[in-house]
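Here is my note on the model you sent round. I kept to internal cavities and helix packing.

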Amino acid sequence: MKSFEELGVRDDLRRAIEELGFENPMPVQEKVIPHLLNEDTDVVALAQTGTGKTAAFGLPVLQRIDPDVRRPQALILSPTRELCLQIGSDLADFSKYMPKVKVLPVYGGSSIESQIRALREGVQIIVATPGRLIDLINRGVVDLSDVHTVVLDEADEMLNMGFLDSIDQILAKVPEQRKMLMFSATMPNEIARIAKKYMHNPVEFVVGNRNEGSANVKHVYYMVNARDKYLALKRIADDSPNIYAIIFCRTRRDTQEIADKLIQDGYNADALHGDLSQQQRDIVMKKFRDRVISLLVATDVAARGLDVDDLTHVINYGLPDDTAVYTHRSGRTGRAGKTGVSVAIIHSREKGKLREIEKKIGKTFERKEVPTPQHIIEKQLYNLADRIEKVKVDDEEIMKYLPGVSRKLDWLSQEDLLKRVLSLEFNRLLEYYRDAPTIDFIDEKPRKERKERKDSPRSDREKDRRTAEKGMARVYVNAGKSDGFFAGNLIDMLNHVVEGKRVDVGRIDLLPGYSLFDVPKADAARVVRGLSGADFAGKRIYSEIADPDKDYARASARKKREAVAGEPAETTFDYFLKKSRAPKKSAKKSSRRK
């Protein structure tokens, strides 16, 4: 392993980073720094978040700055305000012994007047979010004609956030003969197109494998019934007494509901999502960085740019549809040489998605059983014993009060005293987990029964599909895979059109022309009311509580045949509406002619 000196990093920069605790270069730094200092070609670097990317581009950028020229010479673009501030702060630390070099973060949500004043005083490095930078360019206060280095950090995130047109506008203001660096955690096709469009024969550096998860991250999953996901989340948190985690949810509504539940149940938690103002976001993120809260429940968009090195866990309360999103999530733990755990809490219907993620990231998820109450209590007790053993004691101060406390408690034996200390800490936990059930998902149908079901007549299998699990109600909806209607669309529609509290969804069966899914019996009528008459991509939705004896497949097929034949095919909504209004046939059977 080479030293920073051997990589060519200058003395004043080495002095600053050594004071920050940098000892040896990380792999991405060892590859990128010498190239940026000595070669003219552009660079595409693929590396996970937390692998030392900022120093990899920041040290060479600072070293190539002319401190006597008080005009922008380097431009660093980042997707979010938080990442922009983080990069600006790191570069300021690296340039501690370069007093003439000024680094300015420019971003939305802060006073543009103060940013304009700083620009007029003269800066050499601008770290910017695309929107605010374009605003400053249009006002005529930013001149990029002397920029010789452009860095796109977290380029894949900038694409996800729709900044491609903004990047076009900005690069049109930068000299054609520039050095350009692009850093990305994943390599989707769009990144390759950007490289081809904007860069000159770029050299590619890969730390790990393309789109691969971090080597320091262990991937595990727990399989439970959908209604037990929150209970599983609490047990996972309780089983890790020193947990410091981000819990990712799919929607803002889920994020706030889960955070509220955790707070009510006594956890140090808070929510981070798009409905919060910038001031509220800043407060939540500061509390999380300062460890005032240990569980941050967030959406993917809101968590972008949140840079924390010591996360013990990333918890996927819902798996994302895009594997790249999972890579970004899991890459937030196991950083800076530390280890971490990426947890997925899934139900049985998400197993296919899990296998797809495994294939893309080149990692195998380990299935674990949800921690039992006995295991959790034991873990917590040993953690308390460890804290007692390692607590720092100020003998001089504590001795002032020890005699009085000793007199008060001297009638207790050592065992009684220990029991009381433990009970003081654990009575709530013991009470909560008393008689708590096992919540792992168990396939109750043995293999033989599943085979018999497979070999049974089609009509029996269809009827079984229309039958709900115990405690649940089966709901029909007239949209299926042929309509582009998938599980994510169903969950999104339920969140938006069903009034009241969030609905827990169980087993989902997606068929070509329709879908069936389980919800708690108490919520079934509310779900049907909310879905009926709703719109999905121009299709009018009909919903009802599924009848085990009704052949929905035949109705769907009949509608499809009518459409193919050119007949005026009525919608499934109208078909069932007509059936419900039709007079019921007599139950009396007609006599059969002999």
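The points below take the cavities, then three helix pairs.

1. Status. This is a predicted model. Please read every value below as computed from that prediction.

2. Cavity count. How many cavities of 30 Å³ or more does the structure hold? There are two. The largest has a volume of about 110 Å³. The second largest holds about 30 Å³ of space.

3. Largest cavity, lining. The lining draws on several parts of the chain. Val224, Asn225, Ala226 and Arg227 are among the lining residues. His347, Ser348 and Arg349 also belong to the lining. The list is completed by Phe441, Glu469, Met472, Gly506 and Arg507. By class, this lining splits into four nonpolar, four polar and four charged residues.

4. Second largest cavity, lining. Which residues line this one? They are Leu36, Pro60, Val61, Arg64, Thr149, Lys179 and Leu181. Helix H4 (53-63) and strand S6 (179-184) each give at least two residues to this lining. Four of the lining residues are nonpolar, one is polar and two are charged.

5. H3 against H4. Helix H3 spans residues 27-38, and its axis comes within 9 Å of the H4 axis. The two axes cross at roughly 20°. That angle is under 35 degrees, so H3 and H4 count as roughly parallel to each other. The crossing of H3 past H4 is right-handed. On the H3 side, the contact uses Val28, Gln29, Val32, Ile33, Leu36 and Leu37. On the H4 side, it uses Lys53, Ala55, Ala56, Phe57, Leu59, Pro60 and Gln63. The contact of H3 with H4 comprises ten nonpolar, two polar and one charged residues.

6. Link between points 4 and 5. Leu36 and Pro60 line the second largest cavity. Leu36 of H3 and Pro60 of H4 also take part in the helix contact. I would view the cavity and this helix pair together.

7. H11 against H12. Helix H11 (residues 229-238) and helix H12 (residues 252-264) have axes that come within 12 Å and cross at roughly 55°. Are they parallel or oblique? With that angle, H11 and H12 are oblique to each other. Their crossing is right-handed. H11 contributes Tyr230, Leu233 and Lys234 to the contact, and H12 contributes Ile258, Lys261 and Leu262. Four of these contact residues are nonpolar, none is polar and two are charged.

8. H15 against H16. Helix H15 covers residues 323-330 and helix H16 covers residues 351-361. They pack at an angle of about 75°, with axes 10 Å apart. The range for this class is 65 to 115 degrees, so H15 and H16 are roughly perpendicular to each other. Thr323, Tyr326 and Thr327 make the contact from H15. Glu356, Ile357, Lys360 and Ile361 make it from H16. The contact of H15 with H16 divides into three nonpolar, two polar and two charged residues.

Definitions and conventions: Residues numbered from 1 in each chain as written. Predicted model: local features only at pLDDT ≥ 70, side-chain atom pairs only at ≥ 80, totals over all residues. Heavy atoms only, no water. 1 Å grid on protein atoms, 1.4 Å probe; cavity = no way out; pocket = protein on both sides within 12 Å on 5 of 7 lines; lining within 4 Å. Points joined across faces, edges and corners; volume = space filled by probe spheres on them. Nonpolar A, V, L, I, M, F, W, Y, C, P; charged D, E, K, R; others polar. Helix = DSSP H or I, 4+ residues; strand = E, 2+ residues; numbered from the N terminus. Axes fitted to C-alpha atoms, helices over the stretch in contact; angles between N-to-C directions. Parallel < 35°, antiparallel > 145°, perpendicular 65-115°, else oblique. Left-handed = near helix turned anticlockwise from the far one by under 90°. Contact = heavy atoms within 4.5 Å.
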